[in-house]
Amino acid sequence: MNKYGIRKRLMITVTATAAFVIMLVSIVACIVAVVNHQEQKHEAVYAKLDACKNLMEAWLGEKEAICQVMATEAINRDFASNSEECLAFLQACSQMDDDIFDCYVGFADKRYIFGSEYVAEGYDPTSRIWYKMAAPVDGPIVTNPYTDVQTGRMVITIATRFQENGVTIGVISIDVFLDTLSEYVSDLHVDENGYPLLLDSDGAIIVHENNAYLATVDASGNDVFTMLSDVTPGYSARIDASSLPEIKDYNNETVKYAETVLDSTGWKLGYMLNNSEYNSTYVKIILLFTGLTIFFGIYIAFLLNNLLNRALKPLNEVVLKSHDVAEGILDVKFDYSATDEVGAICRTIENNNLVVKNYIDDIARRLDGITHGNFDVHSNVEYHGDYAAIKRSLDNISRSLGNVFNGIDSASEAVSGGAEGVANGANQLAESVSTQTAVISEIVSDVENVSQMIANNVNRTDDARNIAHETASAVRSSNQQMQNLLGAMEEISNSSEEIKKIINTIEDIAFQTNILALNASIEAARAGMAGRGFAVVADEVRNLAGKSSEASVQTSKLIEHSVEAVNKGMRFADSASKSLSSVVDQTDEIDSIIVQINEQSHEQSTCMENVNQKVGVVADYVSSAAANAEESAAASQELNGQASQLKQMLSSFGL
């Protein structure tokens, strides 16, 4: 048995379905929003990184532009033959930009001029990296960081050649300290907590937040660079704008990494994005969708609760009307007239109440007929299903009682007739004996008349003997019918006991229903506020079980009254049976007396020859016959009175 009510089952099912749909939609929407935001974030990161790249390109472009101007002036002013003017020009150019450390020129003939007036013994400019890179190409070049021999610090050089008639005269250069470049690169930001870095085309670190990764000089004076792939697990030299891989930073923190390439130098401008900051927006999106999911879940649960209250409101009317049905009011009518399932339940209850009311009216009518002695009352209602057993039981009771009382009525008729015959015979015998007594003095003189009278007397005693025998048989039959009546009464009592057992079964069912309702109330109480509606329904079911129990108790009391009435009838029938037994004994006694009279009459007929000699004996016999006749008359009167009383008792039954 399901322990939840209709409302709770509907609430659980619909709410679970709605919650699943909302959760599914929220998850899909959240994934779409996260993916879209990830794409937008990805594009925004690379857009900012490209902006940083452009700033870096512009910064280098300023230095390259200065270098180009210097190369043009070197041709126009013929710096190859005018060293003093070249020195002054280089010194002036050094003051043009605060980022420039020194400006200098190296000639193809291995001469050189430094704006800082630095002079190195045996210095050959044509062997330097900046000269080798710039001499064969048009336009400025930018070297990778290297250690400056003048200062011992890491610098980068921007250099370009200058020619005359297609012949390279020299290379003019600008030195910028790597620290200056690092300061400028460090000011480039894509987010608040990340940091930029600069790599050469091979992935060697030029600028980095961690100074331990910057280039150093070994014992041989060679520059030593650190490869980013060696110190950053997960870094790949092939990073493009389509990805933001996660790598481990030097502090073992997981970061997002973006990278772009400077067009002018081939250097790689990278950026370590703070992972928490990068993912903070995703967390906000997830929290937003989680909050919206909870809000809409609560709203839909509230909405579903109101809808279920409205939808199940007609059931409250069914419960209220069911109270009337439990109290025995079967003509209830429901106001709910819709054609839905609840309306069908209302119509079904009304039809069931009408059928039960018809059954009750028919049973009451038939029992009332039996109460008034009418055993021939038939049902006007067709009993269906399990109710048909009630009709069969009523038919059997009416039929059995009718047969019993019909048998008693027939027996009483026979007893009454037999008693009347015995009384008539006894009266005639008494009159005959009186006549014999009156004429006893004439017996001697009128023997022939006496013989004739004796002959007549013999015939009458034969008839009386036959009548007495028939009366005894009728009384015995009546006694047997009375025994059958007692048996039928006992069957009725046994049937009443069976009905009481059925009532007890109904009481047990009501008790079990009450227990189940109590358990349901306990479970509803455990459910808290969600089970309050189900607790009300459980209380109503328990009330219905109580009403059913009360109805079964009332029915049991009615059955007990019926059993008492049957027992009372059995006592009356038993009394009548005892009276009939007494009548049987008295009839047997009358039969014995009639037999004696018959035998004595035959003896009188045989001994008529000795009448004269035995007149005294005849007188004694006559006196004895008179006494016996009086006793027979009295017994016959008593038997007739008892038969009349039995007849009067049976007259109250409609047989």
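How many Å² does the accessible surface of the chain come to, and what share belongs to carbon and sulfur atoms? The total is about 35,600 Å², with 54% belonging to carbon and sulfur atoms; accessible areas here come from the Shrake-Rupley method with a 1.4 Å probe, and for residues only the protein chains shown count as cover.

**Before you click**

This is a predicted model, in which local features need pLDDT of at least 70 and side-chain atom pairs count only at pLDDT 80 or more, while totals for chains, interfaces and linings use all residues. Residues are numbered from 1 along each chain as its sequence is written, and side-chain values use heavy atoms, with hydrogens and water left out.

Colour by pLDDT to begin with (the predictor's confidence in each residue, from 0 to 100). The chain averages 79, and 87% of the residues score at least 70. Confidence is lowest in helix α7 (residues 313-326), at a mean of 70, and highest in strand β3 (residues 141-142), at 95.

Switch to cartoon and you have 12 helices and 13 strands to look at. These are DSSP runs numbered from the N terminus: helices are H or I with at least four residues, strands are E with at least two. Of the 655 residues, 39% count as buried (buried is under 20% relative accessible area, exposed over 50%, partly exposed in between, with a 1.4 Å probe and protein chains only).

**Stop 1: the cores**

Select Met70, Leu181 and Leu198. They have the most contacts inside the largest nonpolar core, which has 48 residues. A nonpolar core is a set of buried Ala, Val, Leu, Ile, Met, Phe, Trp, Tyr and Cys residues joined through side-chain atoms within 4.5 Å. Elements that each supply at least two residues include α1 (6-76), α2 (83-94), β5 (154-164) and β13 (268-274). The most comes from α1, with 12 residues. A second, separate core of 16 residues includes Ile141, Tyr146, Ala159 and Phe177.

Now zoom in on Met70. Leaving out residues up to four places away in sequence, Met70 touches Phe89, Leu90, Cys93, Cys103, Ile172, Ser173 and Ile174 (contact means heavy atoms within 4.5 Å).

**Stop 2: Ser173**

From Met70, step across to Ser173 in strand β6. Is Ser173 buried or exposed? Serine 173 is buried, at a relative accessible area of 0%. Beyond its neighbours up to four places away in sequence, Ser173 touches Met70, Asp102, Cys103, Tyr104, Trp130, Thr157, Ile158 and Ala159.

**Stop 3: the rings**

Two of those contacts of Ser173, Tyr104 and Trp130, are worth showing as sticks. The structure holds 14 aromatic pairs, and Tyr104 with Trp130 is an edge-to-face one: 5.0 Å centre to centre and 75 degrees between the planes. Rings of Phe, Tyr and Trp (its six-membered ring) pair if their centres lie within 6.5 Å; planes under 30 degrees apart count as stacked, over 60 as edge-to-face and the rest as tilted. Tyr104 sits in strand β1 and Trp130 in helix α3 (residues 129-134), so the pair ties together parts that are 26 residues apart in sequence. Both residues are buried. Add Tyr112, Phe114, Tyr118, Tyr123 and Tyr131 to your selection, and you have the cluster that ring pairs build with Tyr104 and Trp130.

**Stop 4: loops**

Next, pick Lys110 in the loop between β1 and β2 (112-114). Its phi is near 75 degrees, a positive value in a residue other than glycine, and Lys110 is partly exposed at 49%. Then go to Glu117, in the loop between β2 and α3. Glu117 has a positive phi of about 60 degrees although it is not a glycine, and is exposed at 53%.

Ala80 lies in the loop between α1 and α2 and counts as partly exposed at 24%. Setting aside neighbours within four places in sequence, Ala80 is in contact with Phe107, Arg111 and Ile169.

**Stop 5: helix α8**

Select residues 341-371. Helix α8 has 31 residues and reaches 44 Å from its first C-alpha to its last, close to the 45 Å expected at 1.5 Å a residue (the expected span is 1.5 Å times one less than the number of residues). Its buried residues include Val342, Cys346, Glu350, Asn353, Asp362 and Arg366. Just after α8, Gly373 takes a positive phi of about 85 degrees.

**Last stop: Glu413**

Finish on Glu413 in helix α9 (residues 388-438), partly exposed at 42%. Draw a C-alpha to C-alpha distance to Ser644: the two are 231 residues apart in sequence and 8.9 Å apart in space.
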